[in-house]
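Here's a quick walk through one protein model, going from cysteines to rings to cores and a few single residues. Have the viewer open and follow along.

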Amino acid sequence: MAKRDYYEVLGVSKQSSAEEIKKAYRKMAIQYHPDKNPDNKEAEEKFKEAAEAYEVLSTPEKRQKYDQFGHQAFGPGTGGAGGGMNMDDIFSHFGDIFGDAFGGAFGGFGGGRGGAVRGSNLRVRVRLTLEEIAAGVEKKIKIKRAMPAAGVTFKTCDTCGGQGQVTRVQNTILGQMRTAAVCPNCQGSGKKVDQRPAGVGPDGLEKVEEVVSIRIPAGVQDGMQLRVAGKGNAAPGGGAAGDLIVAIEEEEHDSLKRDGQTLHFELFLSIPDAALGASVDVPTLQGKARVKIEPGTQSGKVLRLKGKGLPSVDSYGTGDLLIHVQVWTPRNLSAEERAVLEKLRESKNFEPNPNASDKGFFDRIKDMF
């Protein structure tokens, strides 16, 4: 069955603000929450559908791609549009939307369901060169994360009876109101440490050093974050481990500048090379490329090396390398050089005579936009 439009799912328009989208998602999540609709498969599917729509529309980059390409913006395996999200993913990714606003009134928001607590995430930064970004790379990172210590035994929490949450009943003018909250004694795990070896903390966890291998796809950008599932801190009481969040930092290249998938290089030519023509080497991320300079090349001309830019992280092709020609004028001249140029100055051929193909600065700026 074809996917419904995400704006239609949340009942908002394309012009809706981020806050309006957030409010619409809150309303739907409360309406179709599994705790309010036990054993109702239709409500559960609508709950998942709303979460998938919100994941895309709440992220500016994903929303922009969706507005431009629709569901095709997130192909199979990209993970961009919530494909394959299960209920645990939804509760862990979106619990913060509800936890503060509703005080845990609905079981599952903020820290796990049915006694299963999720461990906290770890965050690391990885610095990449443009060469690594162009090809994709595997990095091995040493981390320290909390893991269950050997020899620790558990017992059922006597506060919640192993449920992971406690129920409170309040009398209001409308009658009794029943709310559920995470158990303060076991933090939702339903278990408490019974016995633990010396040196192990009260949560039964210890810090363990581990080397994690991370495959970073080609085309990532500075500020992007990758998620390595299950490589964060373990949860007390045997719950699922958190994730390892990898933040990408991009190292500045010596001679190439990045603009999305496009690379830029400033090529400085001597007056003789610009006038007579030449063959020059320019740097690329794969080494060097030889470029032919036509006789009479003007300063400001832009040459394009197709496919020599960076690949798209979403597999939408590869950018180009743009070479910006700048004719270099020497600052200091010898007497002999000055005499030659004085003679050339008298030639009518050296007087500026631009034609329609010689674009000025403002025309080049207009072309860029």
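Is Cys 186 buried or exposed? Cys 186 is buried, with a relative accessible area of 4%. Keep in mind that this is a predicted model, and every value here is computed from it.

**Cysteines**

Cys 160 also counts as buried, at 11% relative accessibility. So why isn't Cys 160 bonded to the closest cysteine sulfur, in Cys 186? The two sulfurs are 3.7 Å apart, which is too far for a bond, because a disulfide needs the sulfur atoms within 2.5 Å. Cys 186 is in no disulfide either, and the nearest cysteine sulfur to it, that of Cys 183, is 3.7 Å away. Across the structure, the disulfide count is zero.

**The overall picture**

The protein has nine helices and 15 strands. Of its 369 residues, 36% count as buried. Look at contacts with a sequence separation of 6 or more, and 64% of them are between residues 24 or more positions apart.

**Helix H3**

Helix H3 covers residues 41-57, and its length checks out: at 1.5 Å a residue, its 17 residues should span 24 Å, and the end C-alpha atoms are indeed 24 Å apart. At the N-terminal end of H3, Asn 40 acts as a cap, with a side-chain oxygen 3.1 Å from the backbone nitrogen of Glu 42. Which residues of H3 are buried? The list includes Ala 43, Phe 47 and Ala 50, and also Ala 51, Glu 52, Ala 53, Tyr 54, Glu 55, Val 56 and Leu 57.

**Aromatic rings**

How many aromatic pairs does a search of the whole structure find? It turns up four. Here are two of them:

| Pair | Geometry | Centre to centre | Angle between planes |
|---|---|---|---|
| Tyr 25 and Tyr 54 | stacked | 4.5 Å | 10° |
| Phe 268 and Trp 328 | edge-to-face | 6.0 Å | 85° |

Tyr 25 sits in helix H2 (residues 18-32) and Tyr 54 in helix H3, so this pair ties together parts that are 29 residues apart in sequence. Both Tyr 25 and Tyr 54 are buried.

The Phe 268 and Trp 328 pair bridges strands: Phe 268 is in strand E11 (residues 262-270) and Trp 328 in strand E15 (residues 321-328), so parts 60 residues apart in sequence are tied together. Phe 268 is partly exposed at 49% relative accessibility, and Trp 328 is partly exposed too, with a relative accessible area of 40%. Elsewhere, ring pairs link Tyr 6, Tyr 7 and Tyr 66 into a cluster.

**Nonpolar cores**

The largest nonpolar core has 37 residues, and Ile 216, Leu 244, Val 246 and Ile 323 are the ones with the most contacts inside it. What does Ile 216 contact once neighbours within four places in sequence are left aside? Its partners are Val 126, Leu 128, Gly 136, Val 137, Lys 139, Leu 226 and Ile 248. There's also a second, separate core of 22 residues, which includes Tyr 6, Tyr 7, Ala 29 and Tyr 54.

**A few single residues**

Back in strand E11, you'll find His 264. His 264 counts as buried, at 18% relative accessibility. Its side chain makes a polar contact of 2.9 Å with the side chain of His 324. Beyond neighbours within four places in sequence, His 264 is in contact with residues including Ser 255, Asp 259, Leu 321 and His 324.

Lys 140, in strand E2 (residues 137-148), is exposed, with a relative accessible area of 64%. The C-alpha atoms of Lys 140 and Ile 214 are 6.2 Å apart, although 74 residues separate them along the chain. Not counting residues up to four places away in sequence, Lys 140 touches Val 211, Val 212 and Ser 213.

Finally, Ala 240 lies in the loop between strand E8 (225-228) and strand E9 (244-250) and is partly exposed, with a relative accessible area of 48%. Ala 240 and Arg 118 are 122 residues apart in sequence but 4.9 Å apart in space, C-alpha to C-alpha. Leaving out residues up to four places away in sequence, Ala 240 touches Val 117, Arg 118, Gly 119 and Ala 235.

Notes
Residues are numbered from 1 along each chain as its sequence is written. This is a predicted model: local features need pLDDT of at least 70, side-chain atom pairs count only at pLDDT 80 or more; totals for chains, interfaces and linings use all residues. Side-chain values use heavy atoms; hydrogens and water are left out. Helices (H or I, at least four residues) and strands (E, at least two) are DSSP runs, numbered from the N terminus. The expected span of a helix is 1.5 Å times one less than its number of residues. Buried means under 20% relative accessible area, exposed over 50%, partly exposed in between (1.4 Å probe, protein chains only). A polar contact is a pair of N or O atoms within 3.5 Å; within protein, one must be able to donate a hydrogen and the other to accept it, and residues adjacent in sequence count only if both atoms are side-chain atoms. Rings of Phe, Tyr and Trp (its six-membered ring) pair if their centres lie within 6.5 Å; planes under 30 degrees apart count as stacked, over 60 as edge-to-face and the rest as tilted. A nonpolar core is a set of buried Ala, Val, Leu, Ile, Met, Phe, Trp, Tyr and Cys residues joined through side-chain atoms within 4.5 Å. Contact means heavy atoms within 4.5 Å.
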